[in-house]
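This report introduces one protein structure to a reader who has not seen it before. Overall figures come first, followed by selected sheets, a strand and two residues.

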Amino acid sequence: MGRKDSVWSLGEGQAPEDLDKPVDTPPLSSLLIERPQGGSITVGGDISFVAKVEAQDLLRKPTIKWFKGKWMDLASKTGKHLQLKETFDRRTKIHTFEMHIIKAKDNYAGNYRCEVTYKDKFDSCSFDLEVKGLLHCLSLRRTPSHPPLVSCPREPKQDETPEVDVWEILKSARPDQYEKIAFEYGITDLRGLLKRLKKTKKEEKKSEAFAKKLDPAYQVDKGGKIRLVVDLADPTVELKWYKNGQEIRPTPKFIFEQKGTQRIMVINNCGLNDDAAYSVAAGEEKCTTELFVKELPVKITKEIEAVKTTVNERIELACEVSEEGAQVKWCKNGVEVPTGPRSRYRVKSEGLKHWLIIDDASKEDTGTFSLMASGGTSEAKVQVELKPLKIIQDLQDMTVLLGQPLKMHCEIFPGNVPGRWYRNGQLIQSNDRINILNHRLEIVNSTIHDAGDYTFVPEGYSQSLCAKVHIVDPPRVHLESLNFPDNTVTIVAGNKLRVEIPISGEPAPRVVWMKGERVSADLDPEGPWGDAQLVILDSGHRVRAETFSDHTSLTIDIAEKEDTGNYKIVLQNEAGEAGASIKVKVVDIPDPPEVPLVTEVGGDWCSMTWEPPIYDGGSPILGYFIERKKKQSSRWMRLNFDLNKETTFEPKKMIEGVPYEVRVFAVNAIGVSKPSEPSKAFVPLGDEPTMLVVDDVTDTTVTMKWRPPDTIGAAGLDGYLVEYCIEGSKKVTNKELTEKTKYTITGLPPEAKILVRVRAINAAGASTPRTLQHSILIRIPRHLKQTYTRKVGEAVNLVIPFMGKPRPKVSWLKEGQTVDPTQVTIRNTDCDSIIFIRKAERKHSGKYDMKVEVENHVDTAIVDIQIVDLPGPPQCVKIDEVWGGNVALDWTPPKDNGNAAITGYTIQKADKKTMEWYTCIEHYHRTCITITELVVGNEYYFRIYSENMVGLSEGATQTKDSALIVKEGMQLKNPEYIDHDFKEPPKFTQPLINTFAIAGYNATLNCSVRANPRPKVIWMKNKIAIIDDPRYRMFSNQGVCTLEIRKPSPYDGGMYSCKAINDLGDALVECKLEVKGQFWLEGTW
């Protein structure tokens, strides 16, 4: 059955007359250095009791128990009114044990006891707790003339007036007389007094079924027998016994007896499972008690025997105890032996025997092993010695090339004996280059410093294994230290070159420099360098080589173009031969480009091209410079100041009819080349006419019209020459020039097909002809090439002319969609198209696509129409700062800009007294401003209009607050803060963890959750909510959720989950609870 938080105080644990009787305890020893002291508190108050134990000579934490009365253990009574706490100070080596009583009640008063045990040591201390209730205050004798009741502790003074018991008067008075009595006798806390009076009026109902009930608690030793006796008032009443709410049936363990009106239940051979709450029901009445089973100490009946063996052997330590299934702990040198899955130690038990097994003993296993039980300890010494050393394979002397791996190996017996490696007497440590695997030493890349005497010393033995290692270093060329890209050295022609190349080798190698393809006579023609031809001598030449102890050098005093090529270096010594090559590149300015070629000539421009230079100077060509001059002049003019990357160019701004020449310079990283030869002279000519079309056709005439050339040079335009011919006949030319851009060809035969072209003529000559083409040309008026802007409400009337025969087909689209004829009116003719909007609105804005088709020819044009309106007022105008006679304003642009860019703002001010508005500034472009020269003592409001190309906004935005211009100092502006939203869905900050519990001992599951608003917490077992189950208690304090399972049994195991829910969401955590018998845990008793 479930119990409330205050159950531990019911029954007072011990009768009042027994409080002074001594409690039977073992002999005391000095464990407690500070003992809890008795005290007194009022009802609802808090009190703490502290006990301290010095752990200087203790190997583990002592065991402490708190009792009320004789036998009531308070460990399982913890809750919101009772809390037990333990701490340990590592500096002072002191254990501190505290018992906190929170919001004490009347029945918490009584005698308490604290017991501390460690192995065979025991210490105890008793103390009293006095709880003072309201009854002490209300039972004072008062007279009508006594002043109002204020405090309890003072005794009333002696008075001749007879004493009056206010408490008795209240108990016998009617409820309607309570206020009168309180006023008459000076009682101020009438509400609290009535609550107390209501409790006292509830008289305990005398039991009709039981003449004598069960005691509040019983205690029995494990394996013993106990009798639970009740005396019935009515012997005919049916009686039932319960254990933890389950009815008890007669068995050999539970025996029921009757002696007159007494009913007795005998529990034989009590075990830990019998530690539970028992109750007996007689009809509708029930009385309860608790049975506590005390476990007897386990004694050692057979000691552990000492063991002496060698490494790698099996060790078994055996011991016998007095009880089967007893919990014991194995220790080595006073430290508990680890027995996990990966431990070298195995523990086995069978009946009364317990074993500690070490399968593969090592020298570290030497020591004192002990078995600790609750009733004693057994110790024995274990000694593990080494086996005799036998050398199977000794170390061998080695010669290794530098950089090659070095591997040394030896074999000894026993094979698992570790050891250390030494070089020249210095200990070798493993690192990224050296790998030590017990009897094997591996060096990845050997160096000169790895040479020497190597020794392997087996651990624990005086013998050692030795060998010598000699490192050979063949010659090497270290080109990587030069940081030359592709081993190429670049030098500008005319400068001095000196290249130093590091070399290595023992003994010092002989060095030979070569350039060419065949070897000199002093080298082996069969070697790797048997193709060299030119050997560079050590001195006496412009190109020479020098050799030193750690490097060799190549020197070229004055670099020339012919010095470019591959240079090879050969190194030879006794250990071998090595070689390398470098490339020397002599760079210079490039050769001049080829003669430029003018491919096309215009009115004031030409197009030219050229070939790159044959020799680029050993460096890529970066670009070209172009120059031109008049043929009769000697002065060249540069046409580009930025390098031209291509081999083509178009000179411009030339005079028509004047002969010109051009030339080119090549540029690389070294400099600018000499100029190329000048091109052939050329004369710019005028551009051809444009937009040649047929204006009219009759039976004998054709009228042509065109437009002047796009550009007309400095020579001007003399006129046009119209040429035509009939298909199948010779060309006929109009010999007279015409200055007009329209010409009619007459005298043509009917049904004839003619070809027509027109040339422009000036002083430079005739331009290229413009030939008639039957394509469509759409000519958009100049004012439509930009965006067409109109105000809202104005009419839009656009005429777009075009040309084409036969009559073109015209279509319009707006933003890819067909134009709505109800919104926009479109009228098409043979030569133009008209788009008309009677009253423009902002929705008419957009891009209108016009497409004109004649047979297979198509051309398009785009007309951009923008309908604009007045903008809206600015947003959020606020006073940013006020100082002196100045006010800083800040605002945001208007939400509606009227479909046109905001061009400025108009700022106005008004005195709060008159509210007459005056303009401070107009056409202001920024969104912040400082208004100055304000009158001290006045208070101002401000408003702002926005402005675009249409005009000012219809309304203005005014500041909500006013600005007071104070005389001195600055006005403090209180910052505004936005309240932070602390709401959040549930989130578990500490999840549930899988837990093992012992049957019969309370278990708790804890987790923590964070949420706002406070979540609803639901506990579930196997996904079924736990509701009103007395076996469970649920707590939630400051986000910490706790589920307490009272004395669980193996059936209480399973998956437990905690779910937190609020308006923003929910969260869930789970864990597994496994309940085992006491024999399951090792090392505890």
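## Overall figures

Of the 1085 residues in the protein, 39% are buried, where buried means under 20% relative accessible area, exposed over 50% and partly exposed in between (1.4 Å probe, protein chains only). The model is predicted: local features need pLDDT of at least 70, side-chain atom pairs count only at pLDDT 80 or more, and totals for chains, interfaces and linings use all residues. Residues are numbered from 1 along each chain as its sequence is written, and side-chain values use heavy atoms, with hydrogens and water left out.

The protein contains 4 helices and 88 strands; both are DSSP runs numbered from the N terminus, helices being H or I with at least four residues and strands E with at least two. Its accessible surface comes to about 63,600 Å², and carbon and sulfur atoms account for 49% of that (Shrake-Rupley method, 1.4 Å probe; for residues, only the protein chains shown count as cover). Among contacts between residues at least 6 apart in sequence, 61% join residues at least 24 apart, a contact being heavy atoms within 4.5 Å.

## Two open sheets

Strands of a sheet pair through backbone hydrogen bonds, either parallel or antiparallel. Here two strands count as paired if DSSP finds at least two bridges between them. One open sheet has 5 strands in the order β2-β9-β8-β4-β5, with mixed pairing. Its edges are β2 (39-42) and β5 (72-73); each has a single partner strand, so one side of each lacks a neighbour in the sheet. Within this order, β8 (residues 110-118) and β9 (residues 121-132) run antiparallel and are joined by 9 bridges. Val-116 lies opposite Asp-123 in β9.

Another open sheet of 5 strands follows the order β31-β39-β38-β34-β35, and its pairing is mixed. At the edges stand β31 (398-401) and β35 (426-427), each with a single partner strand, so one side of each has no neighbour in the sheet. Strand β34 (residues 419-423) runs antiparallel to β35, with 2 bridges between them. Opposite Arg-423 is Gln-426 in β35.

## Strand β14

The side chains of β14 (residues 226-232) alternate. Ile-226, Leu-228, Val-230 and Leu-232 point to one face and are buried, whereas Arg-227, Val-229 and Asp-231 point to the other and are not.

β14 has an antiparallel pairing with β12 (residues 210-212) over 2 bridges, in which Phe-210 is partnered with Leu-232 of β14. It also pairs in the antiparallel sense with β18 (residues 262-267), over 6 bridges. There, the bridge partner of Val-229 is Ile-264 in β18.

## Asp-832

Asp-832 belongs to strand β69 (residues 832-837). This residue is buried but has no salt bridge, meaning a side-chain nitrogen of Lys or Arg within 4 Å of a carboxyl oxygen of Asp or Glu. Arg-827 is the nearest side chain of opposite charge, 5.3 Å away; Lys and Arg count as positive and Asp and Glu as negative, while His and the chain ends are not counted.

Beyond its neighbours within four places in sequence, Asp-832 is in contact with Val-799, Ile-800, Pro-801, Phe-802 and Arg-827.

## Phe-682

Phe-682 sits in the loop between β54 (660-668) and β55 (690-697). Its relative accessibility is 7%, so Phe-682 counts as buried. Pro-659 is 23 residues from Phe-682 in sequence, but the two are 5.1 Å apart in space, C-alpha to C-alpha. Leaving aside neighbours within four places in sequence, the contacts of Phe-682 include Val-598, Cys-606, Met-654 and Pro-659.
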